[in-house]
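Please open the structure in a viewer and keep a selection tool at hand. The tour proceeds by selections, each followed by a note on what is found there.

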Amino acid sequence: MSEPTGKYSITMPRDIAEAAKVRSGHSGLSAYVAAAVARQIERDDLNELIAVGEAEHGPITDEEIQSLRDQLTRVRREQAQHGTSAA
């Protein structure tokens, strides 16, 4: 079941609006903008979660980030070799 919708008026630079119209395809500009806003909200939520974690445990180091990226790359490679999809 779909969430109820509302009609809103927004202002954005014309070039961005035109590019979004071109890319929105058959789903339409409203769906395209709604998806973009939903992604931004997810990013904002993740940034808040990171800030809470860093406040409690200290900043995440570049080495920790690279180690996790390496682990993810290894898992994806192993999954590809075994014919399963990576997350």
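Begin with the whole chain, coloured by burial: of its 87 residues, 3% count as buried. The model is a predicted one. With the surface displayed, the chain exposes about 8100 Å², and carbon and sulfur atoms supply 55% of that area.

Next, reduce the display to the C-alpha trace. Along its principal axes the trace spans about 45 × 40 × 35 Å. The radius of gyration of the chain is 19 Å, whereas a compact globule of 87 residues would have one near 12 Å.

Switch now to a cartoon representation. The secondary structure amounts to 3 helices and 0 strands, and the order of elements from the N terminus is α-α-α.

**Helix H1**

Select residues 14–24, which form helix H1. Within this helix, pick Lys 21. Is Lys 21 buried or exposed? Its relative accessible area is 46%; because the partly exposed class lies between 20% and 50%, Lys 21 is partly exposed. From here, draw a distance to Tyr 32: the two residues are 11 apart along the chain, and their C-alpha atoms are separated by 8.3 Å.

**Helix H2**

Move on to residues 29–57, helix H2. This helix has 29 residues. From the first C-alpha of H2 to the last, the reach is 42 Å, close to the 42 Å expected at 1.5 Å a residue. Then select Gly 58, which follows H2 and has a positive phi, near 95 degrees.

**The loop between H2 and H3**

Select Ile 60, located in the loop between H2 and H3. With a relative accessible area of 41%, Ile 60 is partly exposed. A distance drawn from Ile 60 to Arg 23 covers 37 residues along the chain, and the C-alpha atoms of this pair are separated by 36 Å.

**Helix H3**

Continue to residues 62–81, helix H3. What span should the 20 residues of H3 have at 1.5 Å a residue? The expected value is 28 Å, and the end C-alpha atoms of H3 are 29 Å apart, which agrees. Inside H3, select Val 75. The relative accessibility of Val 75 is 38%, so Val 75 counts as partly exposed. Val 52 lies 23 residues from Val 75 along the chain, and 27 Å separates the C-alpha atoms of the two. Just after H3, Gly 83 takes a positive phi of about 80 degrees.

**The largest pocket**

Return to the surface display for the pockets. Rolling a probe the size of a water molecule over the atoms shows where empty space is left. For the largest pocket, select Tyr 8, Ile 10, Leu 29, Ser 30 and Val 33, the lining residues that lie nearest its centre. The space in this pocket is about 420 Å³, and its full lining consists of 13 residues. Which element supplies the largest share of that lining? Helix H2 does, with 5 residues. Coloured by class, the lining of the largest pocket shows 8 nonpolar residues, 5 polar residues and no charged ones.

**The second largest pocket**

For the last stop, select Met 12, Ile 16, Ala 19, Ala 20, Arg 23, Tyr 32, Val 33, Ala 36 and Val 37, which line the second largest pocket. About 150 Å³ of space lies in this pocket. Helices H1 and H2 each supply at least two residues of its lining. By class, the lining of the second largest pocket has 8 nonpolar residues, no polar residues and 1 charged residue. Val 33 is worth keeping selected: it is among the residues nearest the centre of the largest pocket, and it also lines the second largest pocket.

Technical notes: Residues are numbered from 1 along each chain as its sequence is written. This is a predicted model: local features need pLDDT of at least 70, side-chain atom pairs count only at pLDDT 80 or more; totals for chains, interfaces and linings use all residues. Side-chain values use heavy atoms; hydrogens and water are left out. On a 1 Å grid over the protein atoms alone, a cavity is a set of points where a 1.4 Å probe fits but cannot get out, and a pocket is an open set with protein on both sides within 12 Å along at least five of seven lines; lining residues have an atom within 4 Å of a point. Grid points are joined across faces, edges and corners, and a volume is the space filled by probe spheres set on the points. Helices (H or I, at least four residues) and strands (E, at least two) are DSSP runs, numbered from the N terminus. Ala, Val, Leu, Ile, Met, Phe, Trp, Tyr, Cys and Pro count as nonpolar, Asp, Glu, Lys and Arg as charged, and the others, Gly among them, as polar. The radius of gyration is taken over C-alpha atoms; the globule rule is 2.2 Å times the number of residues to the power 0.38. Buried means under 20% relative accessible area, exposed over 50%, partly exposed in between (1.4 Å probe, protein chains only). Accessible areas come from the Shrake-Rupley method with a 1.4 Å probe; for residues, only the protein chains shown count as cover. The expected span of a helix is 1.5 Å times one less than its number of residues.
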